[in-house]
Amino acid sequence: MKALVWHGKSDIRCDNVPDPKIEDPTDVIIKITSTCICGSDLHLYNLYLPAMKPGDIMGHESMGEVVEVGGQVRNFKKGDRIVVPFDIACGDCWFCKRELYSCCDTTNRNAKEAALLMGHAPAGLYGFSHINGGYSGGQAEYLRVIKPDVNAIKIPDELPDDKVVFLSDIFPTGYMAAENAGIEPGDTVAVWGCGPVGQFCIRSAWMFGAGRVIAIDRVPERLRMAEAGKAETINFDTETVYDKLQEMTKGRGPDRCIDAVGCEAHHTGAIDAVLDKAKTLVGLGTDRAHALREAIMCCRKAGTVSIPGVYVGFPDKIPFGAAMNKGLTFKMGQTHTQKYTRPLLEKIQKGEIDPSFVITHKLKLEDGPGAYKIFRDKQDGCIKVVLKP
Ligand SMILES: NC(=O)c1ccc[n+]([C@@H]2O[C@H](COP(=O)([O-])OP(=O)(O)OC[C@H]3O[C@@H](n4cnc5c(N)ncnc54)[C@H](O)[C@@H]3O)[C@@H](O)[C@H]2O)c1
Ligand SMILES: [Zn+2]
Ligand SMILES: [Zn+2]
C-alpha cells in the first residue's frame, strides 16, 4: 500500500510499504477514506519530538471502511464506516475504567522508556513516535485498528466523512479543552492559537456557556475563521497581547485561558521567545513555550489555564510564581477522545455544529509531502488538510 513515511526532519515521503495485517483477534483492518494532518504531526516533522525512526508511518486522525475483521471483534463487520480515535485504549485498566483513555496503562509498547522521561507511560498513540508505543499511523491506504470495540465509533451512512472525521481528534480536543477550562456562564475565555484545535476550542467554549471568547493568532485567515466563530480577535504581531486582554477585561484578565499553541509558539521580539528559539536551535531546549507563559501572566486571579497544546520536554522560564500566587488552576492532557466521540457525534447529527468548516485543503495521499509543507508554513491559506487515499 501507499503511506506517508517519516524519513527525518522535514522529510516525509509517500512510499510503498507492506499492507497491515490482523495481529490480534480483536483487530480490524480499515481502508482509509479520510485522514488528516494535525499540528501534532508538525512536532514530528519539525523534530520537536525526536522519537521517530525512519520508516515510521505518520497519521492519527483517520476513518475508513472495515475490510477485515478479527475473530473476537463484536461490534463491527465488513463494510462498516468507522472513525478511529488517535489514542489507543485497552478498555480494562484502572485508567480506561475511569474514561481516562489517553492515560491507558497497557497500550504503550515502550512504557519503560516513556516512564523514564515522564514518570509514568501515557497510552499508545497512532503514528506518534516510539515514546507513544511506535504504532503505525493512518496516513496510508490501510490501517490496523486496535480493539475497535473499545475505541472506534460507527458512522451512519448519511453522514459524509468531512463532517465526522475530526471526531478522531480535534473536535474532542477542543471540546475537552473547553471542559477543562471550567467555564462558568458568562465567563471570558481567551484562546491562544487559531489553528484547527483553537477553532474547536472557540466553538466549544460557547457550548459551555462562555459570555465572550477572545482568540489570539497572527495568521489573517485563521483570525477570520475565529471571527466567523463569533470570537473577538487579537493579532499578536500588531498588538501586545497582555495589554490588549487587560484593556478588554477592564484589568481583571480573562477568566479562562486556553493554550492551543503548544511547544512551537512564535513571537517576534519577546525576549523569552528569542531565548527559546536559540536554545531549541542548538539542542539546549525542548519547547518554545511563549504562549503558555503569556496565558499564565494574562489569566485573572483564581482563573484556569487549560492546555490542549502539546509540550514534549522541559519548557523553562514558566512563571510558576505568578501561577501559584494568583491561585491558578491548571488542566491539560492528550484528549480522552473515546469519552467524547458519541456525545459529539450526536451534536453533529442534531446540526449543532458542522466540523467541516475548518477544511481548507482536500488532497490525495500522494500530495501529502507537499501538504505537510504548506500546512506548516501556512501557505495557500492552509488551515486543515484532509487526505483522501
Ligand atoms: N491535547 C491533545 O490531545 C491534542 C490533540 C491535537 C492537537 N494538539 C496540539 O494542539 C496544538 C495546536 O494544534 P493545531 O492543529 O491547531 O496546530 P497549528 O500549528 O495549525 O496551530 C497553532 C497556531 O498557533 C499560532 N501561534 C503560534 N504562536 C502563537 C502565539 N505566541 N500566540 C498565539 N498563537 C500562536 C500559529 O500561528 C497557529 O495558527 C499543537 O500543539 C498540537 O500538538 C493536542
Ligand atoms: Zn491530531
Ligand atoms: Zn487501558
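How many aromatic pairs does a search of the whole structure find? The search turns up eight of them. We'll look at a few of those rings, plus two zinc sites, a helix and a couple of single residues.

Before you dive in, note that this is a predicted model, where local features need pLDDT of at least 70, side-chain atom pairs count only at pLDDT 80 or more, and totals for chains, interfaces and linings use all residues. Residues are numbered from 1 along each chain as its sequence is written, chains are lettered from A and ligands numbered from 1 in the order in which they are written, and side-chain values use heavy atoms, with hydrogens and water left out.

**The zinc ion (ligand 2)**

- Cys38 (SG), His60 (NE2), Glu61 (OE) and Asp169 (OD) are the protein donors here, sitting 1.9 to 2.3 Å from the zinc ion (ligand 2). Donors are N, O and S atoms within 2.8 Å of the metal (3.2 Å for Na, K and Ca), and water is not among the atoms, so sites may look incomplete.
- The site of the zinc ion (ligand 2) is tetrahedral, with angles of 92 to 133° among its four donor atoms. Four donors earn that label if all angles lie between 85 and 135 degrees.
- Read along the sequence, the donor residues of the zinc ion (ligand 2) follow the spacing C-x21-H-E-x107-D.
- Cys38 is in the loop between strand E3 (28-37) and helix H1 (39-45), while Glu61 is in the loop between H1 and strand E4 (62-69), so this pair ties together parts that are 23 residues apart in sequence. Helices (H or I, at least four residues) and strands (E, at least two) are DSSP runs, numbered from the N terminus.
- Cys38 counts as buried at 3% relative accessibility, and Glu61 counts as buried at 0%. Buried means under 20% relative accessible area, exposed means over 50%, and partly exposed is in between (1.4 Å probe, protein chains only).

**The zinc ion (ligand 3)**

- Cys90 (SG), Cys93 (SG), Cys96 (SG) and Cys104 (SG) are the protein donors of the zinc ion (ligand 3), at 2.3 to 2.4 Å from it.
- The four donor atoms subtend angles of 102 to 116° around the zinc ion (ligand 3), so the arrangement is tetrahedral.
- For comparison, ideal angles at a metal are 109.5 degrees for four tetrahedral donors.
- The spacing of these donor residues in sequence is C-x2-C-x2-C-x7-C.
- Cys93 is buried, with a relative accessible area of 9%, and Cys96 counts as buried at 3% relative accessibility.

**Aromatic rings**

- Phe171 and Phe200 have ring centres 5.3 Å apart and planes at 35°, so their pair is tilted. Rings of Phe, Tyr and Trp (its six-membered ring) pair if their centres lie within 6.5 Å; planes under 30 degrees apart count as stacked, over 60 as edge-to-face and the rest as tilted.
- That pair links distant parts of the chain, with Phe171 in helix H6 (residues 170-180) and Phe200 in helix H7 (residues 196-207), 29 residues apart.
- Phe171 counts as buried at 0% relative accessibility, and Phe200 counts as buried at 0% too.
- Phe200 and Phe357 also make a tilted pair, with ring centres 5.3 Å apart and planes at 55°.
- Phe357 is partly exposed, with a relative accessible area of 27%.
- Phe166, Phe171, Phe200 and Phe357 form one aromatic cluster.

**Helix H9**

- Val241, Leu245, Gln246 and Met248 are buried in helix H9 (residues 241-248).
- These residues cover an arc of only 165° around the axis, which puts them on the same side of H9. The arc is that of the directions from the helix axis to the C-beta atoms.
- The buried residues of H9 pack against strand E10 (188-192), strand E11 (212-217), strand E12 (232-235) and helix H11 (290-298).

**Two single residues**

- Lys154 lies in strand E9 (residues 153-154) and counts as partly exposed at 42% relative accessibility.
- Lys154 and Val83 are 71 residues apart in sequence, but their C-alpha atoms are 6.7 Å apart in space.
- Ser102 is in the loop between helix H2 (94-97) and helix H3 (111-118), and counts as buried at 5% relative accessibility.
- Leaving aside neighbours within four places in sequence, Ser102 is in contact (heavy atoms within 4.5 Å) with Asp87, Pro122, Ala123, Gln334, Thr335 and His336.

Notes: Four donors count as tetrahedral if all angles lie between 85 and 135 degrees; four count as square planar and six as octahedral if opposite donors are over 155 degrees apart and all others between 65 and 115; anything else is irregular.
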